[in-house]
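I am opening my notebook on a structure I have not met before. Come along while I look things up.

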Amino acid sequence: MSTAAVELVGLSKSFGEVTAVDGIDLRIEDGEFFSMLGPSGSGKTTVLRMVAGFEQPTSGSVRLGGDDVTTRPPFARDVNTVFQDYALFPHMDVLANVEYGLRVKKVPRKQRRERAMAALESVQLGLLSDRRPTQLSGGQRQRVALARALVNRPKVLLLDEPLGALDLKLRRAMQLELKQLQREVGITFVFVTHDQEEALTMSDRIAVFRDGQIEQVASPAELYENPATPFVAGFVGTSNLLTDEAARAVVGRTGTFSIRPEKIHLDSEVETGHTTARGTVADVVYLGSVNHYLVDLDAGPTLTVLRQNLHGSTGQAMSRRGQQVTVGWADEHVIDLSDPSHE
Ligand code: ATP
């Protein structure tokens, strides 16, 4: 097996009584865009800080490119971190901010300039090099922070919710830019986020965190199509989770199952061979390009059904409230989460 860019072995961290990270084993391959996804407090940032060297593990080890760096200070590790709050120097212009790391490393002035300008151009900020951070937008400041990390040409770039302070539209644009940039520079990116859409958009693979442990590591498609646990099914995308009585009523047997809302068809869309159920539309949530229908099944449970607004008006969709409907799905879209090894 080739050497991993990052390898965590039995990594744990406690803060007094709190176990923030609980025995994590993980390999991140060279050149991967890898995301750590999980709710607030699940331990993602603590893992990132241990990889960077800002935090010492209680037990376990961190390897970078095959070297055990567990006891090395941050500056002796071939990684750079980009934080959500950018941490730019306000009194320096953009170019000086980006050059800073190279100046500390005593890189000669001419070379420093060239590398800093190249880094700024890679994030499309070549023309703003003489501005101060306060004269930039949030998105531009985030790009300066990226350029400042990239200029050091680290083997691994650690990103802690770097897009968290941006509005949704800019965030989406930056997600695509970041992914493209990562492909161009070929550096391993380790990206922390609690936003599942963000992780699905950018990552080659994602680790889903819960209570200091990893529930599943997989590609975005694999996580979505084949969640290993009810937690993953619920956290990544929207899901109809069916347990106990609800499972018996809808799937016809006991266990824990999940059906994605977009896999459920309504009325005329129901196809031959589908499993069907009758119900009443309790509510319709209009979301622009799609609608969510909440359908109370006669058999008991409520299912969320997502349909695209390809035909018909908003009014028509809303008027289905209170109507009797038939829902249907292909059995292959019922995900069985009952396997006890998933728990
Ligand atoms: P978020 O998305 O909110 O940043 P996270 O998944 O990154 O969350 P961590 O910041 O790693 O989670 O925190 C994990 C747990 O460890 C939390 O319960 C947190 O309160 C605790 N914790 C983190 N840092 C410290 C610290 N320096 N001292 C005490 N407890 C801490």
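**Notes on the ligand and the sheets**

My first look went to the ligand, where one of its oxygen atoms sits 2.6 Å from an N or O atom in the side chain of serine 40. I should say right away that this is a predicted model.

I then checked serine 42, and here a polar backbone atom is 3.0 Å from an oxygen atom of the ligand. Threonine 45 came next: a polar atom of its side chain lies 2.6 Å from a ligand oxygen.

How much of the ligand's accessible area does the protein cover? On its own the ligand has 640 Å² of accessible area, and I find 59% of that covered by the protein.

Which elements give two or more residues to the shell around the ligand? I noted strand 2 (18-28) and helix 1 (44-52). Helix 1 gives the most, with three residues.

I also wrote down who is in the shell: Phe15, Val18, Ala20, Pro39, Ser40, Gly41, Ser42, Gly43, Lys44, Thr45, Thr46 and Glu161. Sorted by character, the shell has four nonpolar, six polar and two charged residues.

**Entry on strands 1 and 2**

Since strand 2 turned up at the ligand, I looked for its partner. Strand 1 (residues 6-15) pairs with strand 2 in the antiparallel sense, over eight bridges. Within this pair, serine 14 stands opposite threonine 19 of strand 2.

The hairpin made by strand 1 and strand 2 has two residues between the strands, and glycine 16 takes a positive phi near 60° there.

**Entry on the six-stranded sheet**

In what order do the six strands of the open sheet run? I read the order as 6-7-8-3-9-10, with mixed pairing. Strand 6 (79-82) and strand 10 (213-218) are at the edges with a single partner strand each, so each has one side left without a neighbour in the sheet. From one strand to the next, the twist averages 20°.

I picked out one pair inside this sheet. Strand 3 (residues 33-37) and strand 9 (residues 205-210) run parallel and are joined by four bridges. Methionine 36 has alanine 207 in strand 9 as its bridge partner.

Next I looked for helices against the sheet. Helix 4 (residues 138-150) lies across strand 6 and strand 7 (156-160), and runs at about 175° to strand 6. Helix 5 (residues 168-185) packs on the sheet too, touching strand 3, strand 7 and strand 8 (188-193). The direction of helix 5 makes about 155° with that of strand 8.

**Entry on the three-stranded sheet**

My last stop was an open sheet of three strands in the order 11-12-18, with antiparallel pairing. Why does one side of strand 11 (240-242) and of strand 18 (335-336) lack a neighbour in the sheet? Both stand at the edges, each with a single partner strand, so one side of each is left free of a neighbour in the sheet.

Strand 11 and strand 12 (residues 257-259) run antiparallel, with three bridges joining them. Leucine 241 has serine 258 of strand 12 as its bridge partner.

Terms used:
Residues are numbered from 1 along each chain as its sequence is written. This is a predicted model: local features need pLDDT of at least 70, side-chain atom pairs count only at pLDDT 80 or more; totals for chains, interfaces and linings use all residues. Side-chain values use heavy atoms; hydrogens and water are left out. A residue is near a molecule or strand if one of its heavy atoms lies within 4 Å of it. A polar contact is a pair of N or O atoms within 3.5 Å; within protein, one must be able to donate a hydrogen and the other to accept it, and residues adjacent in sequence count only if both atoms are side-chain atoms. Accessible areas come from the Shrake-Rupley method with a 1.4 Å probe; for residues, only the protein chains shown count as cover. Ala, Val, Leu, Ile, Met, Phe, Trp, Tyr, Cys and Pro count as nonpolar, Asp, Glu, Lys and Arg as charged, and the others, Gly among them, as polar. Two strands pair if DSSP finds at least two bridges between them. Axes are lines fitted to C-alpha atoms, for helices over the stretch in contact, and angles run from 0 to 180 degrees between N-to-C directions. Contact means heavy atoms within 4.5 Å.
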